[in-house]
There are 2 protein chains.
Amino acid sequence: MTDLQRQTWEHRFASRAQNINASEIRDLFALLGNSDIISFAGGFPDANLFALPQFRYGYQKLLEDSPAIALQYCASEGYLPLRRWIADFMRRQGVDCSPDNILITSGAQQAIEFLSRLFLDKGDPLAVSKPSYLGALQIFNAYEPDYHFFDGDGISIASPGADKTRPLKLIYANPDFSNPTGETMDGTARRRLIDLARANDAPLIEDGAYRSLRYEGDPHPTIMQLDIADCGSIETSLVVYCGSFSKTMTPGLRIGWICAASQLINKLTLLKQSSDLNSSTINQMVMHCVADEMFDASVNISREVYRQRRDNLIRALEDHMPDNVNWKKPEGGMFVWLTLPKGIDARTLLAKAIAVEKVAFVPGRPFHADGSGGNTLRLCFSSCPLDLATEGVTRLARLIAAETAELHAMA
Amino acid sequence: MTDLQRQTWEHRFASRAQNINASEIRDLFALLGNSDIISFAGGFPDANLFALPQFRYGYQKLLEDSPAIALQYCASEGYLPLRRWIADFMRRQGVDCSPDNILITSGAQQAIEFLSRLFLDKGDPLAVSKPSYLGALQIFNAYEPDYHFFDGDGISIASPGADKTRPLKLIYANPDFSNPTGETMDGTARRRLIDLARANDAPLIEDGAYRSLRYEGDPHPTIMQLDIADCGSIETSLVVYCGSFSKTMTPGLRIGWICAASQLINKLTLLKQSSDLNSSTINQMVMHCVADEMFDASVNISREVYRQRRDNLIRALEDHMPDNVNWKKPEGGMFVWLTLPKGIDARTLLAKAIAVEKVAFVPGRPFHADGSGGNTLRLCFSSCPLDLATEGVTRLARLIAAETAELHAMA
């Protein structure tokens with residue numbers, strides 16, 4: 001078989017396919033299998049923290065009590081008791097809603113994909129933070145939007161090449177312990193995004209995947225709660241909240257949700273139906289069982305463990321990193337974001353880090369829709385035990401120090 | 001809240017959203033909950049036939065042996081042992097392939113959705129059978145294709161309004177016990193579709209969801225096998241096979257697959273990653289366990305039961321239906337397709353059938369991309385016990401006879 005024969009598919013693809021390309025994340029999944037490497041890479045929760053006895057009991061009980069329901073198709077909008085539970089959960093987040101406002105998705109990833117497919121025509125103006133969740137950018141890219149940017153304070157920033165004469169079509173924000181920066185938007189920043197949405201009549205996606213993982217201080221109200229306080233009802237809110245059990249309970253069941261105006265949920269349910277009919281019935285039922293019994297208890301354990309890992313990572317960074325590397329301590333989530341001296345490219349650094357120091361992270365550039373951020377990188381602290389994390393930072397700091405010295409020698 | 005306020009979302013949608021609309025299928029899911037009604041509607045497998053002890057054991061064993069893998073994210077292409085099992089299964093279907101040719105999807109529905117997203121630009125010529133699987137048409141509609149049609153013999157038929165000057169971009173076929181007609185394409189018809197694909201250099205989706213459910217006679221080779229025999233390798237085949245465990249093992253775990261050239265699988269894996277990261281890890285592992293232990297045994301039981309139900313339904317139709325109603329006996333699958341006298345609209349009939357006779361089916365028009373087929377309907381025999389099915393046909397026949405009489409009285 002010649003290379004030419006193998007490469008016969010590209011010309012058959014739709015134009016959007018040109019923007020569907022491999023990312024750093026993908027190759028990094030492979031690193032996890034190599035136990036030699038200390039990994040700060042993939043944004044995984046620690047599997048040791050999952051409520052294992054409850055999941056085991058859940059599957060057993062459901063296959064005992066209601067196998068014909070659990071193993072059958074279910075309604076596209078999702079399993080009603082789970083939608084009820086999530087509506088209750090959202091009310092605890094200050095969002096007045098009912099199960100009619102909830103669609104079950106296969107993770108928040110699918111939620112963002114549906115919203116992009118529903119709202120974005122080619123060339124539509126889309127506002128995202130810079131940097132932004134890489135997995136969301138991968139989705140958006142396939143819909144070929146015109147990117148606009150805002151910063152961590154919700155203030156629009158220069159977006160060279162973007163057409164400023166057209167109103168925004170969609171806004172995407174990850175306001176709590178953002179992936180990748182770990183930063184949290186304050187009340188003022190959240191209000192700025194609501195103003196932006198209202199001024200453009202544009203839906204605002206609030207990605208709340210990490211929201212429950214707060215390690216200190218009081219939570220800010222969700223953007224959705226703030227908007228509903230203004231407009232009076234979820235039915236007139238422009239905010240679309242995407243939630244997930246992946247970071248709190250387990251990602252292995254692929255259960256997330258969208259909370260939004262019921263009219264929008266109805267349309268999204270049709271998209272769900274044509275996309276994969278429904279999320280796994282048995283998994284929805286088990287997730288309902290386990291969340292209902294011990295969501296808070298399980299999350300509290302995760303918060304305790306992750307808080308220690310965050311503190312440990314920050315301490316190691318303070319102890320070992322050269323002065324010219326910067327970061328902020330996140331109030332929650334899974335990530336610490338490093339800014340390296342200009343001139344050090346994190347992607348090149350990663351290759352050396354893996355080969356020489358056997359330590360891994362995610363380079364920052366792919367999180368920037370405009371291709372900037374070459375000297376930034378993301379460390380994930382959630383799945384790395386304390387002693388290994390300290391050792392990993394020591395190795396990484398040694399490498400960065402050497403790179404900095406080399407940079408100076410060349411200057 | 002006024003109606004106006006509620007209806008504020010439409011103008012914010014992308015243009016493709018205009019083609020995402022509610023279908024007959026959706027409302028019919030609701031009928032299942034009403035035990036009064038004899039339903040030939042939803043295309044569900046019978047939950048009583050699922051390998052319940054094996055699924056129960058599978059979840060228990062995996063949560064005992066490898067919980068940290070089962071409850072964690074997994075690679076987007078899917079769980080390797082399951083991909084190996086499916087590659088073996090495809091080889092048993094005459095398709096020489098390896099795990100590199102397999103992507104795990106959340107049912108065949110997701111497989112068809114990915115392929116549409118990858119191949120179809122707005123206005124692209126797409127060839128489908130008439131009638132065709134409703135769930136596939138729902139997917140295609142969102143990508144706004146230019147529909148072309150072929151019949152059960154694989155022969156192109158009149159497609160008024162279609163642009164015949166442009167080559168086809170994609171072909172979709174459901175050659176074994178088709179949903180909705182129950183018909184099977186013979187070798188000649190399959191070869192015609194391959195010729196069509198080659199003449200247009202167009203990928204050919206072979207939807208094999210029902211293929212394992214054959215009740216008599218020898219199977220025809222898959223279209224993929226025939227094409228590979230011509231072109232020499234799956235790597236140069238234009239056929240993309242979509243498979244599913246939903247009709248054979250259980251739909252509740254949402255596990256299907258795509259089998260195709262590895263280069264295409266690589267691209268589709270990126271689409272999978274951005275769409276929902278991966279299908280449920282634990283479900284893939286459990287499906288592998290159960291399929292590996294007893295796929296053939298489980299399918300043989302289903303075939304035995306469904307064969308009886310098919311025979312019973314055909315007998316009931318022969319005994320009770322008026323002469324002017326036509327159908328063919330399917331060699332497998334789940335469906336019998338009725339053609340009513342012209343002038344009887346199956347959608348109107350359904351409303352009366354539910355209200356008066358308490359029997360349900362799916363009207364045929366939504367399976368026709370050109371809006372024809374008003375006098376056709378689909379009966380699903382897989383999930384209806386023998387005595388109820390006989391009673392259901394008696395009721396339906398009585399209603400159709402009355403409608404026909406009324407039609408004659410009006411003429």
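Student: By what turn, and by what shift along the axis, can chain B be laid on chain A?

Tutor: In this predicted model, a turn of 180° with a shift of 0.0 Å along the axis lays chain B on chain A, and the RMSD is then 0.0 Å. The two copies are thus related as by a two-fold rotation axis.

Student: How many residues does each chain bring to the contact between chain A and chain B?

Tutor: A general remark comes before the case: the size of an interface is often given as the accessible area lost when the parts come together. Here we count residues instead, and the contact takes 70 residues from chain B and 70 residues from chain A. Of the interface residues of chain B, 100% are also interface residues in chain A, so the copies meet through the same surface.

Student: Which helix of chain B gives the most to the side that touches chain A, and what kinds of residues make up that side?

Tutor: Helix 10 of chain B gives the most, with nine residues, while several other helices each supply at least two, among them helix 3 (52–65) and helix 7 (134–142) of chain B. Sorted by kind, the residues on this side of chain B divide into 35 nonpolar, 25 polar and 10 charged.

Student: Turning to the sheet of chain B, in what order do the strands lie, and which strands stand at the edges?

Tutor: In general, strands of a sheet pair through backbone hydrogen bonds, either parallel or antiparallel. In chain B, eight strands form an open sheet in the order 2-9-8-7-6-3-4-5, with mixed pairing. Strand 2 (102–105) and strand 5 (156–157) of chain B stand at the edges, each with a single partner strand, so one side of each is left without a neighbour in the sheet.

Student: In what sense do strand 8 and strand 9 of chain B pair, parallel or antiparallel?

Tutor: Strand 8 (residues 239–244) and strand 9 (residues 256–259) of chain B pair in the antiparallel sense over four bridges, and Cys242(B) stands opposite Ile258(B), which belongs to strand 9 of chain B. Helix 6 (residues 107–119) of chain B packs on this sheet, touching strand 8 and strand 9 among others, and its direction makes about 155° with that of strand 8 of chain B.

Student: How is chain A divided into domains, and how far apart do their C-alpha centres lie?

Tutor: The domain assignment gives domain 1 (3–50 + 296–410) and domain 2 (52–294) of chain A, and their C-alpha centres lie 24 Å apart. Their contact takes 34 residues from domain 1 and 36 residues from domain 2 of chain A.

Key: Residues are numbered from 1 along each chain as its sequence is written. Chains are lettered from A and ligands numbered from 1 in the order in which they are written. This is a predicted model: local features need pLDDT of at least 70, side-chain atom pairs count only at pLDDT 80 or more; totals for chains, interfaces and linings use all residues. Copies are superposed by least squares on the C-alpha atoms of residues with pLDDT of at least 70 in both. Two residues are in contact if their C-beta atoms, placed from the backbone, lie within 7 Å. Domain bounds come from an automatic or database domain assignment. Two strands pair if DSSP finds at least two bridges between them. Axes are lines fitted to C-alpha atoms, for helices over the stretch in contact, and angles run from 0 to 180 degrees between N-to-C directions. Ala, Val, Leu, Ile, Met, Phe, Trp, Tyr, Cys and Pro count as nonpolar, Asp, Glu, Lys and Arg as charged, and the others, Gly among them, as polar.
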